[in-house]
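Welcome! Let us take a look at this structure together, one question at a time.

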Amino acid sequence: MARLEIDNLTKAFGSVPVFNGITLNVERSETVAVYGRSGCGKSTLLSILSGALPAGGGDIRIDGRSIIDAQPEERDIGMAFQNFALYPHMNAFDNIASPLRGRKKPPQDINERVEATAKLLKIDNVLSHFPQEISNGQRQRTSLARALVAEPAVLLLDDPLRNVDAKLRYEMRLEMPNLFRRFQSSVIYVTQDSREAMALADRIAILHNGQFIQVGPPQDVYEFPRTAEVGRLLGDPAINLFPCETMVRGDSLFVNPVNFPVNITGRYQLPSTSKYLAGVRPEDISMSVAPSANSHSIEATIESITLSNIRSVFVVKTTTGEKMTVSCPEEETQQYATKQRIYVYFPEEKVSLFSPDNERLIKQNPSN
Amino acid sequence: MATLDLHAVSKTYRSDGRDILAVDNLTLNTQDGEIIGLLGSSGCGKTTTLRAVAGFVKITSGKICLNGNDIHHLPPAHRDVAMAFEGYALYPPLRICENIGFSLLRKKISNSEINQSVREIASLLDIEDILDKYPVSTSAGQQQRTSLARALVRRAPITLLDEPMSQLDTQLRARVRMRVKEYLAHYRLSAVFVTHDQNEAITLADRIAVMEKGELQQFASATELKKHPDNLFVASFIGEPPMNIMPATVQFGNDGVHITLLNENTPVGELHLSKSDVRHLRDNRVHVGIRPHQVVLSNDAPLRGQVISNQWLGDQSHMLIDINGLCIVVVSARRFRDLHKGENIGVDFPSDAVIFFSVDDGRRYSENPTINRGG
């Protein structure tokens with residue numbers, strides 16, 4: 001239950017910079033998901049915060065108190081890992097109790113704390129078992145209990161649901177926010193799963209090239225990616241990016257991604273014949289077997305269909321040879337087959353424009 | 001190019017004076033060029049099965065045949081299988097390119113051909129830029145792709161992959177998966193891979209063998225596993241999020257069938273189905289299953305629920321709905337469902353989406369000529 005400030009933190013491995021001064025505040029009882037490609041520095045950040053790695057420069061503060069020179073055990077931080085990292089020679093009880101032992105708490109206190117935490121995580125029935133004797137899910141819960149038992153000011157979670165099966169993952173995904181609220185923890189949650197970041201976080205922090213390139217509530221970051229890279233990172237499958245050019249027809253301004261005229265009059269004030277990238281999310285493109293009657297649509301052929309859960313992913317190719325990724329609800333998949341002729345359509349308001357040079361989002365008119 | 005057949009394969013380990021049955025009477029027949037996924041949680045026997053095919057595990061009983069010939073008595077090197085290990089098992093003193101090309105040295109092909117094959121597979125897996133490095137100076141994801149490349153480059157009749165993409169991030173994994181699939185199809189290679197990630201199994205495999213406690217639960221395509229799960233285990237394992245499963249009682253009446261959903265033993269709501277919807281049903285106590293995206297939320301629905309949480313994932317919403325104490329997961333594959341915590345909502349289970357399972361053995365009720373289905 002504390003405010004975590006990461007202030008202009010830098011880190012380099014030899015001559016290779018990892019962070020060139022990153023800043024992020026995690027408020028009391030807030031969960032911030034740090035998300036980025038593998039190698040973006042997510043785990044390095046957690047190691048620095050926990051004290052396992054020294055920082056290059058900058059400061060880390062918990063409730064205004066600098067902890068950057070503090071020993072790991074003095075930092076008031078709890079941690080859980082994707083590989084659980086339980087002590088194999090200790091039973092679940094002793095694993096969970098281990099952060100309390102160093103603090104010279106009376107045994108009665110330790111017992112009560114461990115049992116209460118284990119009960120919350122529904123592992124009170126396996127406390128006498130050793131890690132190798134319990135299921136993966138129970139190991140995961142034991143590792144989470146160990147991170148929470150001392151009620152640390154800050155909780156660092158390194159992809160904790162990565163190695164558990166779907167049933168447990170969804171159970172925990174829906175349970176964890178309530179658990180964090182109960183402990184009033186300030187949480188940094190590192191994940192490689194963009195959906196998990198979306199589901200769990202109060203805010204998402206996108207880490208890319210040693211910088212937080214966008215930080216905000218999941219819905220904002222998803223709907224208004226500041227750069228094309230954020231669009232690519234957040235979203236599965238990734239956003240379509242079509243090269244396009246502005247053109248004036250009468251009083252109206254259009255762009256022409258995949259040779260499909262999109263009216264952007266009023267939304268954008270842009271010079272004609274300038275080039276952009278048009279971003280359209282796969283789920284915003286609708287597909288049908290017949291051309292739509294009241295809106296024009298693009299003729300295309302289905303190249304591949306990938307079954308997935310809840311939504312299926314299609315790669316389609318337009319008559320002018322451009323490829324796009326489209327997703328549709330699983331139950332609508334069966335009416336389609338590869339090589340089939342179909343019609344696709346996307347609404348004008350679902351098109352975002354990015355600069356082709358620096359991939360930054362082009363601002364819309366404020367009235368819209 | 002090969003067919004792999006497992007006939008009644010069992011493997012018993014001896015541990016602390018006890019026998020542990022890791023694989024229990026497993027029979028699997030694959031087709032030429034098929035990609036098979038062995039899917040299950042840890043300890044289900046999937047890796048033991050894969051290692052038995054590779055020859056690193058000696059089976060206790062049964063037969064393993066490659067193209068009709070018994071191979072289970074052969075040492076690994078004589079089985080004509082290529083394997084990528086979960087722990088990578090790269091050779092530390094060799095550079096990445098040498099690791100990948102190592103198995104080709106035994107074949108009588110020229111260095112330039114080896115180089116070409118290594119480059120092809122490296123470019124497929126996006127590791128061309130690290131070919132001159134040593135494993136120690138590469139990331140876990142790069143080492144894993146090296147191990148994958150080393151297995152694929154051999155183009156063995158059958159390629160075995162143990163959690164081949166577990167270290168890759170989601171987007172890279174999706175890309176690598178598609179490319180590996182195309183590579184296997186292009187060279188008409190058969191493959192068996194082990195994964196605990198059902199998305200990997202669904203997107204990469206032609207057929208999936210779902211395992212639990214050493215036993216094969218079902219062997220079918222992903223679509224079939226989702227539509228017609230053979231038993232409660234498959235139903236609750238496949239699908240993200242998995243199927244909702246709840247106990248219920250059944251009353252057969254003249255006007256149809258009344259299904260009373262239970263939370264523990266307390267009735268929480270009632271569904272009314274026509275007899276044709278439940279013609280295979282023959283017990284008064286059953287388990288009812290419905291997949292999260294098939295639950296319908298509408299105001300004039302037979303059940304009432306309260307929204308506990310609503311998580312928006314970009315292209316879908318996941319909700320937890322409490323029906324008088326019975327919690328179910330509901331998914332909307334459309335965009336954001338504007339439902340707030342605490343809100344009351346009608347819940348319906350469309351009859352064609354409901355699946356019934358036996359309380360006794362967990363099996364799905366299905367067409368069965370010995371059962372009277374006149375109703």
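What follows is a short conversation about this predicted model.

Visitor: How many helices and strands are there in chain B?
Guide: Let us begin with the overall extent: along its principal axes, the C-alpha trace of chain B spans about 80 × 45 × 40 Å. Of the 375 residues in chain B, 44% are buried. As for its elements, chain B has eight helices and 20 strands.

Visitor: Which elements give two or more residues to the side of chain A that touches chain B?
Guide: The contact draws 31 residues from chain A and 34 residues from chain B. On the chain A side, these residues divide into 11 nonpolar, 11 polar and nine charged. The elements of chain A that give two or more residues to this side are helix H5 (166–183), helix H6 (194–200), helix H7 (218–223) and strand S18 (323–329).

Visitor: How is H2(A) oriented to H3(A)?
Guide: Helix H2 (residues 92–101) and helix H3 (residues 107–120) of chain A have axes that come within 10 Å and cross at roughly 120°. An angle over 115 but not over 145 degrees falls outside the perpendicular and antiparallel ranges, so H2(A) is oblique to H3(A).

Visitor: How do the residues of the contact of H2(A) with H3(A) divide?
Guide: From H2(A) come A:Phe93, A:Ile96, A:Ala97 and A:Leu100. They meet A:Ile110, A:Arg113, A:Val114, A:Thr117 and A:Ala118 in H3(A). The residues of this contact divide into seven nonpolar, one polar and one charged.

Definitions and conventions:
Residues numbered from 1 in each chain as written. Chains lettered and ligands numbered in written order. Predicted model: local features only at pLDDT ≥ 70, side-chain atom pairs only at ≥ 80, totals over all residues. Contact = placed C-beta atoms within 7 Å. Helix = DSSP H or I, 4+ residues; strand = E, 2+ residues; numbered from the N terminus. Nonpolar A, V, L, I, M, F, W, Y, C, P; charged D, E, K, R; others polar. Buried ≥ 20, exposed ≤ 12 C-beta atoms within 10 Å, placed from the backbone. Axes fitted to C-alpha atoms, helices over the stretch in contact; angles between N-to-C directions. Parallel < 35°, antiparallel > 145°, perpendicular 65-115°, else oblique.
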